[in-house]
Amino acid sequence: MNAQSVAREGSAAPDPDPAPVSRRRLLAAAAALGGAAIAPGVTLVEIARAAKPGEPASSKVRWGLLIDANLCREGCKECVLACNRENGLEGGSRPVDVQWIRKVELKERSTGRKLGLPVMCQHCAEPPCVDVCPTGASFKRADGIVLVDRHTCIGCRYCMMACPYKARSFVHEPLTKQKPEVPRGKGCVESCTLCVHRIDRGERTTACAEACPTKAIVFGDLADPGSEISRRLREVESRQLRADLRLETGVRYSGL
Amino acid sequence: MASEILLPQHGERGFWLRLAMGLGVLAVGLAAAWTMEHEGHVVTGMGNEVVWGAPHVFAIFLIVAASGVLNIASMASVFRQAHYKPWARLSALLCFAMLAGGLMVLMLDLGRPERIVVAATHYNFMSMFAWNVFLYSGMFAATAVYLWMQLERRMNRHLKAVGIAVLVWRFLLTTGTGAIFAFLVARQAYASAVLPPLFIVLSLAWGMAVFVLVQSACGEPTEELAQRTKNLLGVLAALALYFTAVYHLTNLYFARQHEFERFILRDGGIYPLLFWGGYVALGSIAPMWLVWRRRATAVSLRLAAALTLLGAFAWLYVFIIGGQAFPLEIFPGFEASSSFRDGEVAHYAPSLPEVLLGIGGIAAAFVITQVGVQVLDILPSADD
Amino acid sequence: MRAAMRAALAAALCLAATAAAQTRVPMPVLEVDRNTSCVAPPDVMRRTHMDLLMHRRDRTVHQGVRGGDEALARCISCHAGSKGAAIGNRDAFCQSCHDYVAVKLDCFECHQGRPGAVATSR
């Protein structure tokens with residue numbers, strides 16, 4: 001059906017095919033239209049880049065916690081309750097219930113000594129959960145906070161198998177009462193975020209540290225030698241949980 | 001050499017009935033998966049301690065056995081054992097079918113199964129799971145090409161080369177399956193370098209058992225083939241038992257692993273029962289006795305294969321679920337207790353949706369095998 | 001002749017289907033507070049809001065850039081409208097348009113669709 005065969009049928013001399021010229025014009029017009037269509041979008045992206053309200057997280061900072069087990073009162077659960085309130089967690093202790101922080105009561109086998117301390121995501125520098133996540137949803141931010149990007153999490157629970165601290169929980173039920181600053185939902189894995197929504201707003205404490213009645217939990221910048229947490233770490237003996245794994249956790253414990 | 005191989009006795013009607021049954025079971029499995037996805041995993045027996053439950057037992061069985069069942073074709077193409085050649089096509093089809101069934105179960109058990117596209121477009125190559133996306137899809141492609149080359153006469157001359165490629169690929173795949181667990185540094189049940197080779201041997205044993213049972217449904221093997229298969233099943237069962245013994249004995253040497261081994265081998269209730277009774281006695285020693293005793297018959301071979309598969313499920317249950325039920329040791333030297341069940345053995349009971357999903361995976365493999373056998377020239381013919 | 005009849009029948013069916021579709025799926029209800037403006041004009045947002053959302057969510061989650069124009073909560077505070085939520089019923093802002101174009105709304109399985117909602121713990 002092309003113009004050349006028509007030309008052959010119709011006349012002795014082949015006509016110059018008019019189709020390519022108008023096709024070219026059509027393509028040019030389409031390109032112009034297309035350009036006009038996406039141009040506002042391109043401009044928009046420029047505006048979006050320019051209008052940054054906050055600064056992105058920086059690796060000059062490393063957020064961490066120092067928890068003093070000596071100050072941790074038996075039976076006290078203020079940190080847990082504060083975390084639940086802050087993050088919109090439902091609470092509860094069924095195997096399917098989510099716990100970002102829990103109070104662990106310990107008894108030393110050889111001596112009978114008793115103590116208690118809160119355990120949450122240790123925000124390791126070498127997180128096993130980040131290594132095993134197939135989609136990269138479990139990631140370490142520049143400032144050391146280990147998070148789950150729930151947009152990318154497929155709910156495979158491999159990170160839960162990998163975590164040495166049982167820090168992660170899986171959301172087993174549909175949720176409707178999420179807090180706007182803490183989006184969370186069914187089918188994804190989650191854990192303590194070091195109150196990242198607060199930190200990014202400029203606040204310099206986590207809900208658990210704020211709520212602790214004995215100030216057993218100190219939040220701060222491990223990379224700043226002048227911060228309170230760094231000073232305390234220089235003064236008092238502290239250790240990481242499962243230090244043998246060499247994960248370089250951001251959460252340290254003293255009095256253990 | 002042409003063997004006296006009978007064509008299967010099934011006719012058209014038999015096929016449609018079997019297909020309908022398979023599709024029915026598959027539909028039930030899919031309905032179970034839909035319930036799990038819609039209501040959330042709260043309807044299952046899994047929780048924050050045992051995060052991988054019955055579906056993973058079924059899925060890993062199917063995937064490991066899929067790799068092993070291809071060994072029949074490898075023995076024919078790569079190791080030039082002519083007795084297996086007539087059955088090589090069935091072996092390739094079974095590999096494809098079981099891999100599909102296993103992957104179906106794994107993907108439907110995800111917390112967000114609709115995000116498979118995310119898994120296919122976002123990769124973290126430190127993760128074994130990310131590698132598995134390529135290893136498994138590559139296995140599908142490789143097996144399909146392998147099958148085509150077996151079916152297409154003019155391609156038969158390439159069989160050895162493709163057979164070697166497929167052999168290497170499935171070794172990588174099964175090593176990867178073992179590595180999923182071997183890379184979990186914090187769990188006392190895993191984090192062992194013996195796991196990848198252990199999984200390779202398990203794949204060979206379970207694949208051989210699956211092959212024996214499927215072959216017996218499709219026709220009588222020759223006496224010579226039956227003899228070789230019998231011996232091989234026994235050797236592979238012994239080899240699997242050896243690697244399992246090495247795994248446990250090494251653990252028993254380390255003081256820090258004693259509590260875990262006591263749990264799995266003696267005090268853990270269902271787990272020692274399944275390990276000693278299900279895997280060691282019924283799943284390893286009984287099959288070895290059945291195939292190597294003086295009066296071994298075709299029936300005893302099939303029974304040995306069936307028991308090996310029973311042992312496979314028992315082994316996987318103890319490994320996957322027992323390994324999670326034992327509490328993480330976060331505070332060595334301390335007894336721990338908390339609202340999050342620190343220090344406690346986790347309780348797990350498989351729920352109906354999980355088991356139905358797992359069985360649905362087997363049904364998917366069954367359906368694919370049925371259709372493949374019906375549509376393609378899979379079963380041994382007079383030309384072989 | 002037969003071909004022409006088939007073509008006519010096909011055309012008639014298509015028309016009937018679209019007509020039926022139009023009666024079955026209601027047009028989107030786009031009710032917004034007219035005193036404020038969105039980050040971009042409506043025709044632009046209609047075509048690009050999904051790309052903007054994806055770009056910004058990566059910046060928020062991975063780099064921690066929050067608040068202001070970045071916040072989904074801010075979109076919802078405007079678009080929740082008189083119904084009080086961006087989803088949950090046929091006339092809600094996000095839901096009515098997404099229902100019309102048959103594109104699954106994934107956001108609100110995790111994000112809160114009601115402005116200023118406060119979750120309670122047991």
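Which residues in H9(B) meet which residues in H12(B)? In this predicted model, the H9(B) side brings B:Ala226, B:Thr229, B:Lys230, B:Leu233 and B:Ala237 to the meeting, and the H12(B) side answers with B:Ala298, B:Leu301, B:Ala304, B:Ala305 and B:Thr308. Sorted by class, the residues of this contact come out as 7 nonpolar, 2 polar and 1 charged.

So much for who touches whom; the geometry comes next. Helix H9 of chain B covers residues 223-253, while helix H12 of chain B covers residues 298-325. Their axes sit 11 Å apart, and the two helices pack at an angle of about 30°. Because angles under 35 degrees count as roughly parallel, that makes H9(B) roughly parallel to H12(B). As for handedness, H9(B) passes H12(B) in a left-handed crossing.

Chain B offers another helix pair to look at, made up of helix H2 (residues 54-69) and helix H7 (residues 159-182). Here the axes come within 9 Å and cross at roughly 155°. Since angles over 145 degrees count as roughly antiparallel, H2(B) is roughly antiparallel to H7(B). The crossing of H2(B) and H7(B) is left-handed. On the H2(B) side, the contact is made by B:Ile60, B:Ile63, B:Val64 and B:Ser67. On the H7(B) side, B:Arg170, B:Leu173, B:Thr174 and B:Thr177 do the job. The class tally for the contact of H2(B) with H7(B) is 4 nonpolar, 3 polar and 1 charged residues.

Now for the other chains. Chain A mixes both kinds of element, with 8 helices and 9 strands. Its 256 residues include 45% that are buried. Take the contacts in chain A with a separation of 6 or more: 59% of them are between residues 24 or more positions apart.

Chain C has 4 helices and 0 strands. Reading from the N terminus on, its elements simply go α-α-α-α. The chain has 122 residues, and 23% of them count as buried. For chain C contacts between residues at least 6 apart in sequence, 51% link residues at least 24 apart.

Notes:
Residues are numbered from 1 along each chain as its sequence is written. Chains are lettered from A and ligands numbered from 1 in the order in which they are written. This is a predicted model: local features need pLDDT of at least 70, side-chain atom pairs count only at pLDDT 80 or more; totals for chains, interfaces and linings use all residues. Axes are lines fitted to C-alpha atoms, for helices over the stretch in contact, and angles run from 0 to 180 degrees between N-to-C directions. Angles under 35 degrees count as roughly parallel, over 145 as roughly antiparallel, 65 to 115 as roughly perpendicular and the rest as oblique. A crossing is left-handed if the near helix is turned anticlockwise from the far one by less than a right angle, and right-handed if clockwise. Two residues are in contact if their C-beta atoms, placed from the backbone, lie within 7 Å. Ala, Val, Leu, Ile, Met, Phe, Trp, Tyr, Cys and Pro count as nonpolar, Asp, Glu, Lys and Arg as charged, and the others, Gly among them, as polar. A residue is buried if 20 or more other C-beta atoms lie within 10 Å of its own, exposed if 12 or fewer, and partly exposed in between; C-beta atoms are placed from the backbone.
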